[in-house]
2 protein chains.
Amino acid sequence: MNSVKAFAPATVANVSCGFDIFGFAIQEPGDTVELYKRDEPGIVITDITGDEGRLPRQAEKNSVTVVMLALLKHLGISDLGCEVVLRKNMPLGSGMGSSAASAVAGVVAMNELLGNPLSRKELLPFAMEGERIASGSAHADNVGPSLLGGFVVIRSYNPLDIFTIPVPDDLCCTLVHPDIEINTKDARFILRNEVSLKNTIAQMGNVAGLVAGLMKADYDLISRSMVDVIIEPVRAILIPEFKNVKQAAISNGALGCSISGAGPSMFALSRGIENAKNAGKAMQERFASAGIDSAVHVSGINQGGAVVL
Amino acid sequence: MNSVKAFAPATVANVSCGFDIFGFAIQEPGDTVELYKRDEPGIVITDITGDEGRLPRQAEKNSVTVVMLALLKHLGISDLGCEVVLRKNMPLGSGMGSSAASAVAGVVAMNELLGNPLSRKELLPFAMEGERIASGSAHADNVGPSLLGGFVVIRSYNPLDIFTIPVPDDLCCTLVHPDIEINTKDARFILRNEVSLKNTIAQMGNVAGLVAGLMKADYDLISRSMVDVIIEPVRAILIPEFKNVKQAAISNGALGCSISGAGPSMFALSRGIENAKNAGKAMQERFASAGIDSAVHVSGINQGGAVVL
């Protein structure tokens, strides 16, 4: 095989009450990576589109190639020559798992080029290294679902323990990206290091409710459980119109609505594509009434994650 | 109907990572309540066995009758005359849901005597009033499973939102009651009011894992998720030999082991009755080697909760 093209989807992390533990993949948008073998050894980025020139072009600094270098090192391969093209289809720092999608597409493409020496799940630690380069910490709540698809739970980071849970077939996601920017590190910095026991218990109850609601296809329970008493109240202040946009989503058919990742994107979950579209329209209108442009993505939950095209 | 007899099972609350939100019922032991109509109005406790004379005999001070009085008041019934016999089959303050079992048996018996004006779930707030009398706060994690059976999740207290999740058929419980006593109020008092965000996230991950593990019948996941980083490390100091007893359970077939309720009882969950028995034997031996007598109860998970006999 001399060339490979792989797609990895955008993802919603920190799903409502599930800060750092829940993430899911959507069907689109997503990033694609193209690899072309060449005779001279070494990984070279030859083109990146859609990043407005902001991502580093050196292989050892860009998450899309850092993951490939880590994989090659793990496999003891030092003589591979390869040109890399990254096509980004989502904005950076958007809360849509942009760096994760690039890292996952990169590592899946390279694994394919090598004849798939590792399984999907075995690629996860390498994809997480891409997250470390991009955001400073090796989180799995974006790369996990982008790689594996579905609704992912990260039970533990040390040791890494990740699994997927089934979701109802007609669960749909609305992802709205307002044209503002939040620095992921800032979004983490403003969080308190201590949580009251009362709020911890409330959050645990909602985590239990959301898992059970998704697995039972109990939409009422999903809706009641989409409550975040710890992170959302703090981070919401970074997103203008947050409360109104959330209310607009819920008033127009969404089961619940919260911040996607570290923001500024917001997501809603709905039963059926029509509710998801209506919620998206209402959310976009609400942002617009405050003078903020936004992009809306309506999609089912991605089952399967990244694909080789 | 002139007389009624009802049974309500013992329960395990604060199940591992699920402080205040998880509880389940076991098949035995349990308390029974007998009601006998009489001509003179008023609720009178005529006999209590198994409490070593420690429970109040006045109807307005004992949780078994407080729940009946609350139910009668709610229904606008003031002229009922009734004698109450309570047969306690578990020790007080044991962490086995003793007060809850009495309250639930009481309210189920009275509802039956009245021709079942309320549904099972509608009886819950009355049973919770019994808990308030017994322990100072109206918790639902013992009365919920004793009343409804199965593995219960309390998603929220305000408003009350409680549901059951399915558990694998061959999940068994070992409940070991060492012959020591802990005051429930003390056990709550020593807890810290603040939890680190890191521990909150770890606990949330385990809560999600335990719910998913039970619903998927994934025993490995159940086992990995039976980790409590918040409550158990604090309360374990009140139980002599806790670490060794827990290790004995896990080394002898249990999936996991933790404190039952506020202690001093300890519970283990196992796959199959043989593992549950082996774990119980090992736990009892470990307590015995420290000079502590203990009672062991091995049982499946109670499905259905309290029953009219």
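Across all its chains, the structure holds 24 salt bridges. Keep in mind as you look around that this is a predicted model.

**Stop 1: a salt bridge within one helix**

Select helix α10 of chain A, residues 273–289, and show the side chains of Lys281(A) and Glu285(A). These two residues form a salt bridge, with 3.4 Å between their closest N and O atoms. Both belong to α10(A) and sit 4 residues apart, about one turn of the helix.

**Stop 2: the sheet of chain A**

Now colour the strands β9, β10, β7 and β11 of chain A. In that order they make an open sheet of 4 strands with antiparallel pairing. Select β9 (254–259) and β11 (294–300) of chain A to find the edges: each has a single partner strand, so one side of each is left without a neighbour in the sheet. From one strand to the next, the twist averages 15°.

Next, pick out β7(A), residues 171–178, together with β10(A), residues 266–271. This antiparallel pair is joined over 6 bridges. To see the register, label Leu171(A), which stands opposite Arg271(A) in β10(A).

Before leaving this sheet, add helix α9 of chain A, residues 242–251. The helix lies across β9 and β10 of chain A, and runs at about 160° to β9(A).

**Stop 3: the sheet of chain B**

Move to chain B and select β9, β10, β7 and β11. Here too is an open sheet of 4 strands, in the order β9-β10-β7-β11, with antiparallel pairing. Its edge strands are β9 (254–259) and β11 (294–300) of chain B, each pairing on one side only. The twist from strand to strand averages 15°.

Zoom in on β7(B), residues 171–178, and β10(B), residues 266–271, which pair in the antiparallel sense over 6 bridges. For a landmark, label Leu175(B): its bridge partner in β10(B) is Phe267(B).

**Stop 4: where the chains meet**

Show both chains and select the residues in contact between them. You should have 40 residues from chain B and 40 residues from chain A. Together the two chains bury about 2900 Å², with 69% of that area on carbon and sulfur atoms. Which three residues supply the most of the area that chain B buries against chain A? Highlight Arg155(B), Leu197(B) and Met204(B), which supply 23% of it.

Turn next to the polar side of the interface. There are 4 salt bridges between chain B and chain A. One of these to display is Asp161(A) with Arg224(B), whose closest N and O atoms are 2.6 Å apart. Across the interface, 14 residue pairs are in polar contact, counting pairs with both residues at pLDDT 80 or more.

Now colour the side of chain B that touches chain A by secondary structure. The elements that each supply at least two residues are β2 (18–37), β5 (151–157), β6 (160–165), β8 (194–196), α6 (197–216) and α7 (219–225) of chain B. Which of them gives the most? Select α6(B), with 15 residues on this side. Recolour by residue type, and this side of chain B divides into 23 nonpolar, 10 polar and 7 charged residues.

**Stop 5: strands paired across the interface**

Finish with β8 of both chains. Strand β8(A), residues 194–196, pairs with β8(B) in the antiparallel sense over 3 bridges. Label Val195(A) and you will find Val195(B) standing opposite, in β8(B). As a reminder for this view, strands of a sheet pair through backbone hydrogen bonds, either parallel or antiparallel.

Key. Residues are numbered from 1 along each chain as its sequence is written. Chains are lettered from A and ligands numbered from 1 in the order in which they are written. This is a predicted model: local features need pLDDT of at least 70, side-chain atom pairs count only at pLDDT 80 or more; totals for chains, interfaces and linings use all residues. Side-chain values use heavy atoms; hydrogens and water are left out. Contact means heavy atoms within 4.5 Å. Buried area is the accessible area (1.4 Å probe) that two parts lose on being put together, summed over both. A salt bridge is a side-chain nitrogen of Lys or Arg within 4 Å of a carboxyl oxygen of Asp or Glu. A polar contact is a pair of N or O atoms within 3.5 Å; within protein, one must be able to donate a hydrogen and the other to accept it, and residues adjacent in sequence count only if both atoms are side-chain atoms. Ala, Val, Leu, Ile, Met, Phe, Trp, Tyr, Cys and Pro count as nonpolar, Asp, Glu, Lys and Arg as charged, and the others, Gly among them, as polar. Two strands pair if DSSP finds at least two bridges between them. Axes are lines fitted to C-alpha atoms, for helices over the stretch in contact, and angles run from 0 to 180 degrees between N-to-C directions.
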